2 protein chains.
Amino acid sequence: MSDKYAENVELFKALSDKNRLMIIDILSCGELCACKILAEFDITQPTLSHHMKILCNCGLVSARKEGKWMYYSLNEKAVRDFTVFLQRVTSSKEDCICKSRNVIKHGDAQCNE
Amino acid sequence: MSDKYAENVELFKALSDKNRLMIIDILSCGELCACKILAEFDITQPTLSHHMKILCNCGLVSARKEGKWMYYSLNEKAVRDFTVFLQRVTSSKEDCICKSRNVIKHGDAQCNE
DNA sequence: ATATAACATCGATAGGCGTCTATCCATGTG
DNA sequence: CACATGGATAGACGCCTATCGATGTTATAT
């Protein structure tokens with residue numbers, strides 16, 4: 001409950017790679033097998049495995065094994081929670097950290113007193 | 001126009017740091033002087049300068065100099081464009097890259113044919 | 001002019017990250 | 001059982017990055 005920042009930093013990190021961003025985009029249209037995803041990129045299979053692990057560990061992507069194939073899909077709830085967090089961080093609100101600390105007083109942002 | 005992914009990866013990278021995420025949160029309530037921001041963190045002044053440069057370079061934050069003080073504020077349009085991009089990437093759409101390439105056919109995500 | 005305060009820049013360092021090759025595990029097929 | 005295939009893991013390499021102290025720059029104050 002305490003450190004929403006540290007939690008969500010993991011999600012931002014997971015999306016801080018062009019390949020992973022494209023993987024998310026592809027998965028947004030539906031579940032896909034790993035080999036289908038791999039066919040879209042100029043990376044090796046271990047590299048894709050590495051990226052999928054990062055996407056799964058942060059909760060954005062869900063994995064399902066069927067036989068010898070791995071199926072990946074977007075975790076809709078994680079996506080929703082993440083967008084809500086981004087919305088909160090980038091908009092003014094009552095419980096902002098700038099208000100919970102009396103160091104900062106908006107309205108007199110000046111440094112001279 | 002072409003590579004929206006690479007562009008937005010820079011924004012995700014910029015937000016992939018707890019300190020920078022908190023800076024954005026603080027700035028969401030209004031413009032602030034650098035020294036006021038610095039007072040909120042246990043980092044040195046050069047480190048804050050480094051973070052602000054990253055946030056400015058990606059377009060999320062605007063800087064304004066007044067005398068010897070630097071004032072930083074959120075770039076509302078950049079924030080809006082970013083959230084729109086995130087929304088598009090994480091939701092199914094007509095012009096998804098998975099559709100523009102006939103390699104992937106959703107509905108038969110299976111690997112065996 | 002000189003001192004001081006607010007920032008930026010430089011250079012160094014320690015750790016993290018994307019990628020690869022090599023290898024292993026699990027599953028399916030003859 | 002032997003073998004092929006999908007995928008994960010381990011280790012290595014090069015690059016990037018967060019942080020610091022030291023120094024430079026600019027503007028205000030005396």
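Visitor: How many residues of chain A are in contact with chain B?
Guide: This is a predicted model: local features need pLDDT of at least 70, side-chain atom pairs count only at pLDDT 80 or more, and totals for chains, interfaces and linings use all residues. Residues are numbered from 1 along each chain as its sequence is written, while chains are lettered from A and ligands numbered from 1 in written order. Contact means that two C-beta atoms, placed from the backbone, lie within 7 Å. Facing 45 residues of chain B, the count for chain A is 45.

Visitor: Which element gives the largest share of that side of chain A?
Guide: Helices (H or I, at least four residues) and strands (E, at least two) are DSSP runs, numbered from the N terminus. Elements supplying at least two residues each include α1, β1 (32–33) and α5 of chain A. The largest share is six residues, and it comes from α2(A).

Visitor: How does that side divide by class?
Guide: Ala, Val, Leu, Ile, Met, Phe, Trp, Tyr, Cys and Pro count as nonpolar; Asp, Glu, Lys and Arg as charged; the others, Gly among them, as polar. The side of chain A that touches chain B has 27 nonpolar, 10 polar and eight charged residues.

Visitor: What kind of axis relates the two copies?
Guide: Copies are superposed by least squares on C-alpha atoms of residues with pLDDT of at least 70 in both. A turn of 180° and a shift of 0.0 Å along the axis lay chain A on chain B with an RMSD of 0.0 Å. The copies are thus related as by a two-fold rotation axis.

Visitor: In chain A, which residue has the C-alpha nearest the axis?
Guide: The turn that lays chain A on chain B is 180°. At 2.7 Å from the axis, the nearest C-alpha of chain A is that of F12(A).

Visitor: Where on α1(A) do its buried residues lie?
Guide: Buried means 20 or more other C-beta atoms within 10 Å of the residue's own, all placed from the backbone. In α1 (residues 4–14) of chain A, N8(A), L11(A), F12(A) and A14(A) are buried. Their arc, taken from the directions from the helix axis to the C-beta atoms, is only 160°, so they lie on the same side of α1(A).

Visitor: Which element gives the most to the surface near DNA strand D?
Guide: Near means a C-beta atom, placed from the backbone, within 6 Å of the strand. Of the 25 residues around DNA strand D, those that come nearest include A34(A), P46(A) and G67(B). With six residues, the element that gives the most is α4(A).

Visitor: Which element gives the largest share near DNA strand C?
Guide: 24 residues surround DNA strand C, and the closest include G67(A), A34(B) and P46(B). The largest share, five residues, comes from α4(B).

Definitions and conventions. A residue is buried if 20 or more other C-beta atoms lie within 10 Å of its own, exposed if 12 or fewer, and partly exposed in between; C-beta atoms are placed from the backbone.
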